[in-house]
Amino acid sequence: MTKAVDIIKQPRIKILEILKEFSLEQLNEVPAGFNNNILWNLGHIVAAQQGICYSRMGLPRVVDDEFFMAYKPDTKPEKFIDTAGFEKITELMFSTLDKLDIDLQNNIFTNYPTWTTRYGVEITDINEAIRFLSFHEGLHMGYIMSLRKMVKK
């Protein structure tokens, strides 16, 4: 596995370990003052990775359209995620990274189009995109850590 993908993978492993003690109800709860919940954030990091790495290149995403549309930027939780939905999210958290690693090794991300993130960061190639993903995931891991304190009360 490439180091860049491993840097994304390890916090995903850790956050799922932390969340083992939470019920589905807690993972689905949107506390007062928040727009989303823990499960939405987990799904969002998968959807964001797919959008940044695949959609921007015009490549097919690994996740289906329904999943992507539910968790893409500017969405919010629309329904209760059951056990099967939670298992799907957790499976995709790792299978999509495995696929990304293979695709990076196969050099499929040639001619990556330049774009600017909502944070003002210009991305010019897949390596910059992956570095940005680490930042983006860090933001959402921070949201998850805040949310877990709110739903634990």
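The legends below accompany close-up views of a predicted model.

**View 1. The largest pocket of the predicted model and the residues that line it.** This pocket has a volume of about 550 Å³, and of the 26 residues that form its lining, H44, P73, R118, H136 and H140 are the closest to its centre. The elements that contribute two or more residues to this lining are α3 (38-53), β1 (115-116) and α6 (126-151), with the largest share, 7 residues, coming from α3. When the lining residues of the largest pocket are sorted by character, they divide into 12 nonpolar, 11 polar and 3 charged.

**View 2. The second largest pocket and its lining.** Here the volume is about 340 Å³, and the pocket is lined by 18 residues, of which F67, A70, Y71, K79 and I81 lie nearest its centre. Two or more residues of the lining come from each of α3, α4 (65-71) and α5 (83-105), and α4 gives the most, with 4 residues. The lining of the second largest pocket is made up of 9 nonpolar, 2 polar and 7 charged residues.

**View 3. Helix α6, its buried residues and its N-terminal end.** The 26 residues of α6 should span 38 Å at 1.5 Å a residue, and this agrees with the model, because the C-alpha atoms at the two ends of the helix are 36 Å apart. The buried residues of α6 are I126, A129, I130, F132, L133, H136, E137, H140, M141, I144, L147 and V151, and these buried residues pack against α1 (3-19), α2 (24-28), α3, α5 and β2 (122-123). At the N-terminal end, α6 is capped by D125, which has a side-chain oxygen 3.0 Å from the backbone nitrogen of N127. Two of the buried residues of α6, H136 and H140, can also be found in the view of the largest pocket, where they are among the residues closest to its centre.

**View 4. D74, a residue with a positive phi in the loop between α4 and α5.** D74 is not a glycine, and yet its phi is positive, at about 70°. The relative accessibility of D74 is 71%, and since a residue counts as exposed over 50%, D74 is therefore classed as exposed.

**View 5. N107, a residue with a positive phi in the loop between α5 and β1.** Although N107 is not a glycine, this residue has a positive phi of about 55°. N107 has a relative accessibility of 53%, so it too counts as exposed.

Definitions and conventions: Residues numbered from 1 in each chain as written. Predicted model: local features only at pLDDT ≥ 70, side-chain atom pairs only at ≥ 80, totals over all residues. Heavy atoms only, no water. 1 Å grid on protein atoms, 1.4 Å probe; cavity = no way out; pocket = protein on both sides within 12 Å on 5 of 7 lines; lining within 4 Å. Points joined across faces, edges and corners; volume = space filled by probe spheres on them. Nonpolar A, V, L, I, M, F, W, Y, C, P; charged D, E, K, R; others polar. Expected span 1.5 Å × (residues − 1). Buried < 20%, exposed > 50% of the residue type's maximum accessible area, 1.4 Å probe, protein only. Contact = heavy atoms within 4.5 Å. Polar contact = N/O pair within 3.5 Å; in protein donor to acceptor, adjacent residues only side chain to side chain.
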